[in-house]
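Here's a quick briefing to read alongside the model. Have the viewer open so you can click through the residues as they come up.

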Amino acid sequence: MDIETIYRLYFRDVFLFLQGLTGSETLAEELTQETFFKALDGLKGFDGRQDVRAWLFTVARNAYYDHCRKARRTAPLEAAADAAADAPDVVQLLADETAAFTVHQCLHALDEPYKEVFSLRVFGELPFEKIGAIFGHNAAWARVTYYRAKTKLHALLAEKT
């Protein structure tokens with residue numbers, strides 16, 4: 001079977017399958033085109049022992065997974081940039097006396113170890129490796145705890161303003 005026949009027979013099925021996965025008509029169209037492009041390339045290796053439709057669904061599913069992996073790698077950077085633009089930096093707030101008092105009030109409301117890790121990082125200016133060592137953990141634990149504390153602090157500050 002040639003690619004034109006396959007395209008004509010199975011385009012709608014593949015599109016509906018991808019629309020169900022993505023929930024987006026636009027993304028489903030894009031991934032359907034990518035699926036048939038990959039199918040064109042892989043048609044040489046297709047032996048015909050399995051159903052063409054099932055093979056296309058496998059190609060479509062893999063295209064969707066590729067898209068998800070790419071989106072996962074890029075989304076945090078975009079989200080972080082948006083969040084950084086929206087929320088004032090806690091360290092910048094500490095420069096203003098009134099804002100610093102509010103930050104300290106919110107910091108006092110944090111649970112341990114968030115309060116202490118945040119204080120050691122911001123006020124003590126310790127690297128994550130040393131903070132982790134103080135608590136008997138590694139630098140990755142200290143880094144994660146610090147960013148969680150910072151997120152909780154931002155939430156508390158947002159409630160106060």
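What follows covers the cores, the salt bridges, a helix pair and one peptide bond.

Keep in mind that this is a predicted model. Two separate nonpolar cores turn up, one of 18 residues and another of 17. The whole structure has four salt bridges, and there's a cis peptide bond leading into P113.

**The largest nonpolar core**

- This core has 18 residues, and the members touching the most others are I6, Y10, V14, L18, L31, F36 and L56.
- Helix 1 (3-22), helix 2 (25-42) and helix 3 (52-86) are the elements that put in two or more residues each.
- Helix 3 supplies the largest share of it, with eight residues.
- V14 is a handy residue to click on: leaving out anything up to four places away in sequence, it touches T32, T35, F36, L56, F57 and A60.

**The second core**

- Separate from the first, this one counts 17 residues, among them L107, V117, F118 and I131.
- Two of those names come back in the helix pair further down: V117 on the helix 6 side and I131 on the helix 7 side.

**Salt bridges**

- A search of the whole structure gives four of them.
- D13 pairs with R53, with 3.3 Å between the closest N and O atoms.
- Since D13 sits in helix 1 and R53 in helix 3, this pair ties together parts that are 40 residues apart in sequence.
- Both ends are partly exposed: D13 has a relative accessible area of 27%, and R53 has 36%.
- K38 and D66 form another salt bridge, at 3.1 Å from N to O.
- Here K38 belongs to helix 2 and D66 to helix 3, so the link joins parts 28 residues apart in sequence.
- K38 is partly exposed at 31% relative accessible area, and D66 is partly exposed too, at 25%.
- D66 also meets R69 in a salt bridge, with an N to O distance of 2.4 Å.
- That pair stays inside helix 3, where D66 and R69 are three residues apart, or about one turn of the helix.
- R69 is partly exposed as well, with a relative accessible area of 39%.
- Through shared partners, salt bridges join E34, K38, D66 and R69 into one network.

**Helix 6 against helix 7**

- The axes of helix 6 (residues 114-122) and helix 7 (residues 128-135) come within 10 Å and cross at roughly 145°.
- The crossing is right-handed.
- Helix 6 makes the contact with E116, V117, L120 and R121, and helix 7 answers with F128, I131, I134 and F135.
- By type, the contact residues split into six nonpolar, two charged and no polar.

**A cis peptide bond**

- Most peptide bonds are trans.
- The bond from E112 to P113 is cis, with omega near 5°.
- P113 lies in the loop between helix 5 (97-109) and helix 6.

Conventions
Residues numbered from 1 in each chain as written. Predicted model: local features only at pLDDT ≥ 70, side-chain atom pairs only at ≥ 80, totals over all residues. Heavy atoms only, no water. Axes fitted to C-alpha atoms, helices over the stretch in contact; angles between N-to-C directions. Helix = DSSP H or I, 4+ residues; strand = E, 2+ residues; numbered from the N terminus. Left-handed = near helix turned anticlockwise from the far one by under 90°. Contact = heavy atoms within 4.5 Å. Nonpolar A, V, L, I, M, F, W, Y, C, P; charged D, E, K, R; others polar. Core = buried A, V, L, I, M, F, W, Y, C linked by side-chain atoms within 4.5 Å. Buried < 20%, exposed > 50% of the residue type's maximum accessible area, 1.4 Å probe, protein only. Salt bridge = Lys/Arg side-chain N within 4 Å of Asp/Glu carboxyl O.
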